[in-house]
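Below are some notes for a colleague at the bench, set out as numbered points to be read alongside the sequence and the coordinates.

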Amino acid sequence: MKCRKCGRPAVFNMRQHKLALCEVHYPEWFVAQTQRAIEKYHMFGPDDRVLVAVSGGKDSLALWDVLLQLGYQADGLYIDLGIDGYSVASREKVEQFAAQRPGARLTVVDLRAEYGETLPQVAQRVHRGRDKPCSVCGLIKRHVMNRVTRDGGYDVLATGHNLDDEVAVLFGNVLHWQTGYIARQAPVLPANRAGLARKVKPFCHFYERETAAYALITSIDYIYDECPHAVGATSLRHKGILNQMEEEAPGTKLQFYLGFLRAREEGFFRERAEEVELRPCSNCGQPTSAPGLCAFCRLWERAADR
Ligand code: Q46
Ligand code: ZN
Ligand code: ZN
């Protein structure tokens, strides 16, 4: 197979786009497509300060890499959750990545150092080991990301969610008709007056294999292993089913997602998207729908009670 642009041997073939490219033209295409998505959804401009949430995985590091290449003012945020083995290894990848790029600024929030407990410790205390720590983890990450975005004076928080991630979430929400969640899923979540930061997903049109190919071809050193708690997650099961459909009909995932965004644009879910009223948490000041303390502060308050 030959590169569509230069005729040299292609290293990557995208069946859904009927496009094969070589090792020079694939990264070029990938960077240009990212810029297109940023413009299409009016995510941010050259004057905005962008905070990229990085986990050490291929998607978030590729995103940081591409934004720096495009000349954006992009800093990184890594949250050290204290998960045995995984956190040490992923933090190392992120720190190495930042060290190799002059001018790339990285903020590390170490959960144990700042709040006194690692994620597994909080989850054990709250769930007594009954459940996976993922719901507590999601809550903690959302809080810390919002806090650093706001306190650091950033205009926007960017995450490395790819098309496979977005489609798996959409699929799961459709299966359970979680209409409120469906209405709130979008490439851009605007900031709100209560203090929620603007959030964007510049990779939402890329298949996971496309971000992986970019990371491999451009030699980004990322952590291959997933978090150990990801094993058996429903979203991974859904990804498996969606991959089967994609295999039989290339483009299925992209069409499902773009069709959803079109329906959204036409106002299909508008009524459902009504915002719940938020007020500042009495302890940290972050927006919450609960009276008094936010869910994050309640987590640690229970720790203090003991
Ligand atoms: S990091 Fe956290 Fe994920 Fe690990 S504990 Fe679950 S939610 S699986 S993206
Ligand atoms: Zn080429
Ligand atoms: Zn709070």
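1. Lys 18 sits in the loop that joins β1 (12–14) to β2 (19–21), and the model in which it is seen is a predicted one. Its phi is near 50°, a positive value in a residue other than glycine. Most residues other than glycine have a negative phi. Lys 18 has a relative accessible area of 71% and is therefore classed as exposed, the cut-off for that class being over 50%.

2. His 42 can be read together with Lys 18. The phi of His 42 is likewise near 50°, again a positive value in a residue other than glycine, and His 42 is placed in the loop between α1 (25–40) and β3 (49–53). With a relative accessible area of 63%, His 42 is exposed.

3. The zinc ion (ligand 2) is held by the SG atoms of Cys 3, Cys 6 and Cys 22 and by ND1 of His 25, at 2.1 to 2.3 Å. Along the chain these donor residues follow the spacing C-x2-C-x15-C-x2-H. The angles subtended by the four donor atoms run from 100 to 114°, and the arrangement is therefore tetrahedral, since all angles must lie between 85 and 135 degrees for that description. Two of the donor residues can be described by their accessibility: Cys 3 is buried, with a relative accessible area of 4%, whereas Cys 6, at 34%, counts as partly exposed.

4. The zinc ion (ligand 3) is coordinated through the SG atoms of Cys 281, Cys 284, Cys 294 and Cys 297, at 2.3 Å. The spacing of these donors is C-x2-C-x9-C-x2-C, and the angles among the four donor atoms, 106 to 113°, make this site tetrahedral. Because Cys 284 belongs to the loop between β9 (279–280) and β10 (287–288) while Cys 297 belongs to helix α12 (residues 295–305), the pair ties together parts that are 13 residues apart in sequence. Of this pair, Cys 284 is partly exposed, with a relative accessible area of 27%, and Cys 297 is buried, with a relative accessible area of 8%.

5. Helix α7 (residues 163–175) has 13 residues, which at 1.5 Å a residue should span 18 Å, and the end C-alpha atoms are indeed 18 Å apart, so the expected and modelled values agree. At the start of this helix, a side-chain oxygen of Asn 162 comes to within 3.0 Å of the backbone nitrogen of Asp 164. Just after α7, Trp 177 adopts a positive phi of about 45°.

6. How many residues of α7 are buried? The count is 10 of its 13 residues, and the helix is mostly covered. Among the buried residues are Leu 163, Val 167, Leu 170 and Phe 171, and the list also includes Asp 164, Asp 165 and Glu 166. The buried residues of α7 pack against α8 (179–184), α9 (208–217), α10 (234–248) and α11 (252–265).

7. His 238 gives a residue-level view of one of these contacts. His 238 lies in helix α10 and, at 7% relative accessibility, counts as buried, because the cut-off for that class is under 20%. Leaving aside residues up to four places away in sequence, His 238 touches Ala 168, Phe 171, Gly 172 and Leu 175. Of these, Ala 168, Phe 171 and Gly 172 are listed among the buried residues of α7.

Definitions and conventions: Residues numbered from 1 in each chain as written. Chains lettered and ligands numbered in written order. Predicted model: local features only at pLDDT ≥ 70, side-chain atom pairs only at ≥ 80, totals over all residues. Heavy atoms only, no water. Donors = N, O, S within 2.8 Å, 3.2 Å for Na, K, Ca; no water. Tetrahedral: all angles 85-135°; square planar, octahedral: opposite > 155°, others 65-115°. Buried < 20%, exposed > 50% of the residue type's maximum accessible area, 1.4 Å probe, protein only. Helix = DSSP H or I, 4+ residues; strand = E, 2+ residues; numbered from the N terminus. Expected span 1.5 Å × (residues − 1). Contact = heavy atoms within 4.5 Å. Polar contact = N/O pair within 3.5 Å; in protein donor to acceptor, adjacent residues only side chain to side chain.
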